[in-house]
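Q: I have a model open and would like to learn how to read it. Could you take me through it step by step?

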Amino acid sequence: MVFLEILENIRKETSKILDSQKYDPVSFSVESAKPGFGDITCNVSFLLSKQLKKSPQEISKEISHLYDFDNIPQIKNVESHPSGYLNFNIDYTQFSKLVINSSLKENYGSLDIGHNEKIVVEHTSVNPNKALHVGHIRNVILGDIISKILRKGNFDVKILNYVDDSGLQVADIIIGFTELGFSQEPSENQKFDHYCGDTVYVKTTEKYETDKKLEEKRHEILKQIEDNSSNVSKMAQTITRKVLNEQLKTVWNLGVFYDCLNFESQIIHSKLWEKIFEKLKSENQIKYEEAGDNAGCWVIPAEGEDDKILVRSNGVATYIAKDIPYAAWKLGLVEDPFSYKIHSTQKNDQTLYETTLDEIPDHDGNKLNLSGNKVITVIDNRQIRLQKIVSGLMAKFKEEGAYTHLGYESVTLSADTVKSLGLSVDGESAQMSGRKGLYVNADTVLETLTKRVYDESKSRNENLSESELQNIANIVAVGTIRYEMIKPDLDKIITFDLKNSLRLEGDTCSYIQYSYARASRILEKTETKPNFDSGFELLSSEYEKNLIKKIAMFDVQVNDSVNNFSPKVIAKYSYELAVTFSSFYEHVKVLKSETPELLNARLCLVVSFQKTLKSSLGLLGIDAPERM
RNA sequence: GGACGCGUAGCUCAGCUGGAUAGAGCAUUAGCCUUCUAAGCUAACGGUCGAAGGUUCGAAUCCUUCCGCGUUCACCA
């Protein structure tokens, strides 16, 4: 802890003063100030104003004389601003050394917020009948980044991917294969998930328009899929797993990995639903309707809204009856019916497990305990109603907030991008649709971007080898996708535009990565090995102090990000850190420093910046290139 | 129609757990490469924070109403 600790110390000192003056306690804030108002600011005098019947200005003037900074050597003084604020100024001779040395540590910015509590994050959960498109990518990246951030806050994070292998969407492609005669082998070297989504799924649902009998067949097929002794079910298993494997390749390319895969078909066969249904009944969380529209149904009473039917009058459970047992399982509310076996080794060498109902011999994997005290489910906001019901129910079995739905707005396509797909639109943008073939595949975006970055990099660096160029292209392309997906607020719709997404200037990932590469070049070109065992009072220009302060702010941002489940905070911080460095870079010529001491101090600062930016980008799953 | 969300510069957005002068990027304009990589830097231009009320010493931020846009509201999954 660096900055957070200083803020905390000022808070304590301020409280002490209020105490000694016998003032009633007020909940004041101590936070980083905006430029021109000192370094740290406190609003306590505004809050005391009423109590003391004095103007904030008077109060801040009085209080400002009472501070004792013996215990906070990083603070030089405090000023009472005419507006009423208390503005604290940093003593950089102390501060710089603390910040630069702290930033060298491996765990710089790590905070113990979670106390190693286990938390389950579920994300991705894409139907295994098609390839991932840009909309899914928002979910995948969001889930991945929130997991990394929670780990930084000392949570023990387990990551799950729920595979809905028994829905109607799966029935649709099965119909394509069995009724419409689509080959189970894609043509040429097309990826199987692309083939199923782009061709089989789109063509089959298109056919429903003219062939109503075919559409009726879906439910028949669905029933067979759910009966795991049927041939259709076996075929569905084969196909969905093949699609899933391709989907996994896509996310691995984006640097996303999981601990375990959960299959919906297994949830259904596990009898988890029956158990949780009894639990719901015995605890009076649901009620049986004797009369009215819902006569004969079990319903969940929802406040302010219509009751949600859980079990139909014919005794068959509705869709939500799959979500509830899964949620309960994730929270460890029911006995775990699953064993665990190895699904595959992921691209990062991490083992990926999958649930199974088969009896399997003992090994490390089948003892996995994947339930958590807290659960975060990443699903887009169109499911908010359903998720509210689930989290409401879970709150009754566990404490409030145990089950969190991390929602986000959808990704739409810009009119230009829709046109480039050969389709037409009415407005400025259009919702993606798998059935209509109205989407841009994730693989396509990554390929296009990689090519774009490769060309850019090649034109700038004639002497780089092919593999270096490929590496840069990959790092920047993945980073760009990640950054663009995480930068906007969760409740803002992202309108994806193929052309616009290729931007590499301004507030983009490549700008941030570029600042890192520039720092690398400084360190590469000097003979001096930075010696950190020295004072840093020579770093006295505004550019240097701004950079030090920005580096120091890392823990504040991590804190904010963890506590609010807000990944964009880290994205914004990474950008600001890069901006601050770029300005420093332009104005302070490190390698032309006047004295060896100054050179050393500046080199240390550059190293400190690099380490911090690397950790910050690391939380976003973005690599920092040495050259680009 | 009900519920939820969004509305800030020409465009895309930050700021929203109330505070000082509402910030970035893009676009436009003007400067800066005999260079620690110009994927950059320094400026200029650009705002009735959708509208009206309210709470407050103080509102882009909280509350109410209205307007515009979006999502959602099956004994489908």
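Q: Which atom of Val588 lies 3.1 Å from a base nitrogen of RNA strand B?

A: A polar contact is a pair of N or O atoms within 3.5 Å; within protein, one must be able to donate a hydrogen and the other to accept it, and residues adjacent in sequence count only if both atoms are side-chain atoms. Here a backbone N or O atom of Val588 is the partner of the base nitrogen. This is a predicted model, where local features need pLDDT of at least 70 and side-chain atom pairs count only at pLDDT 80 or more, while totals for chains, interfaces and linings use all residues. Residues are numbered from 1 along each chain as written, chains are lettered from A and ligands numbered from 1 in the order written, and side-chain values use heavy atoms, without hydrogens and water.

Q: What do the side chains of Tyr514 and Lys568 lie close to on RNA strand B?

A: A polar side-chain atom of Tyr514 is 2.8 Å from a sugar or linking oxygen of RNA strand B. For Lys568, a side-chain N or O atom lies 3.2 Å from a phosphate oxygen of the strand.

Q: Which residues around RNA strand B come nearest?

A: A residue is near a strand if one of its heavy atoms lies within 4 Å of it. There are 64 residues around RNA strand B, and Tyr85, Arg312, Arg460, Lys572 and Tyr585 come nearest. Of the strand's atoms that come within 4 Å of the protein, 64% belong to sugar and phosphate.

Q: How do the residues of that surface divide by character?

A: Count Ala, Val, Leu, Ile, Met, Phe, Trp, Tyr, Cys and Pro as nonpolar, Asp, Glu, Lys and Arg as charged, and the others, Gly among them, as polar. The surface near RNA strand B then has 22 nonpolar, 17 polar and 25 charged residues.

Q: Now the domains: how much area do domain 3 and domain 4 bury between them?

A: The size of an interface is often given as the accessible area lost when the parts come together. Buried area uses a 1.4 Å probe and is summed over both parts. Domain 3 (414-501) and domain 4 (505-619), with bounds from an automatic or database domain assignment, bury about 880 Å², 58% of it on carbon and sulfur atoms. Tyr483, Ile486 and Lys487 supply 54% of the area that domain 3 buries against domain 4.

Q: How many salt bridges are there between domain 3 and domain 4?

A: A salt bridge is a side-chain nitrogen of Lys or Arg within 4 Å of a carboxyl oxygen of Asp or Glu. The count between these two domains is 2. Lys487 also forms a salt bridge with Asp507, at 4.0 Å from N to O.

Technical notes
Buried area is the accessible area (1.4 Å probe) that two parts lose on being put together, summed over both.
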